[in-house]
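Visitor: Please show me the model, and then we can go through its aromatic rings.

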Amino acid sequence: MPSELILAALGSCTVGLFIGWCGVAGFLLPILFVNACGLSVTESLLASFLCFAVSGAIGSLNYRRRGELPLRPALTLSAGSLAGGLLGAALGGLLEPATVKTVLYVVVLLSGAAIAVRELRPQKGREGQVFPKPLPLLVLGFATALLCALSGAGGPVLVMPLLVAMGVPAKMAVGTALLDSVSIALPAIAVYAARCRPLAILPVLLLAALGHAAGVFVGSVTAARVPQTLLKRGVAVFSICFALFMLLK
């Protein structure tokens, strides 16, 4: 048990650093909690979304202070995500744990591929365009939240590349996606907490949340000093290789 607590704290802190630095890597948390900490799929999803709520709140606040989080489109996106997150978490409880794991690894694979494509073929000439209209934002929020709540992937890794592809400036896309991750996490926390015994894993939950908060805070403060392109490409390569290994073994 002590080793599991240490892994939960250090692993969550490390993932938090990556999120603070470049906005991605949250989808690695369920893998950490299942494979390194010995939690069940439901428990790992609860712990992951608790961390996502923490990192989303801290990160979005920092982006808002820097003027990189426009509230109106962000709240529209989040409204769709509340409904999608609730439905995704509800569907997750109806599936077999092995099926949820498969969905998780597929999402990790697709997320890694999305990061790789975005880094190798960055969008050019689209900075400064306005956000999509409310209806596309609602649909985007609902669809991405559904997939994230079902699999345990963090919202920014899916939402951020899609917003950038739709013409949103990269930093605003990150800030918006971080706030959106809170809307995905809250209904998912409620659903997954009702399907397990949170008090039985309370030490893991607390240390994971505290470690993640520390990592996100340090990462967001030091982001300007870190080579983000190298980090994102490293996350992409690791995610693709790990997901393929888990799916094909």
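Visitor: Is Phe-49 buried or exposed, and at what relative accessible area?

Guide: This is a predicted model, where local features need pLDDT of at least 70, side-chain atom pairs count only at pLDDT 80 or more, and totals for chains, interfaces and linings use all residues. Residues are numbered from 1 along each chain as its sequence is written, and side-chain values use heavy atoms, with hydrogens and water left out. Buried means under 20% relative accessible area, exposed over 50% and partly exposed in between, with a 1.4 Å probe and protein chains only. Phe-49 is therefore buried, at 1%.

Visitor: Which class of ring pair do Phe-49 and Tyr-192 form?

Guide: Rings of Phe, Tyr and Trp (its six-membered ring) pair if their centres lie within 6.5 Å; planes under 30 degrees apart count as stacked, over 60 as edge-to-face and the rest as tilted. For Phe-49 and Tyr-192 the centres are 6.1 Å apart and the planes are at 5°, so the pair is stacked.

Visitor: Which helix holds Tyr-192?

Guide: Helices (H or I, at least four residues) are DSSP runs, numbered from the N terminus. The pair links distant parts of the chain, 143 residues apart, with Phe-49 in helix H3 and Tyr-192 in helix H8.

Visitor: What is the angle between the planes of Phe-49 and Phe-52?

Guide: Both residues lie in helix H3 (residues 41–65), three residues apart, about one turn of the helix. Their pair is edge-to-face, with 5.5 Å centre to centre and a plane angle of 85°.

Note on methods
Helix = DSSP H or I, 4+ residues; strand = E, 2+ residues; numbered from the N terminus.
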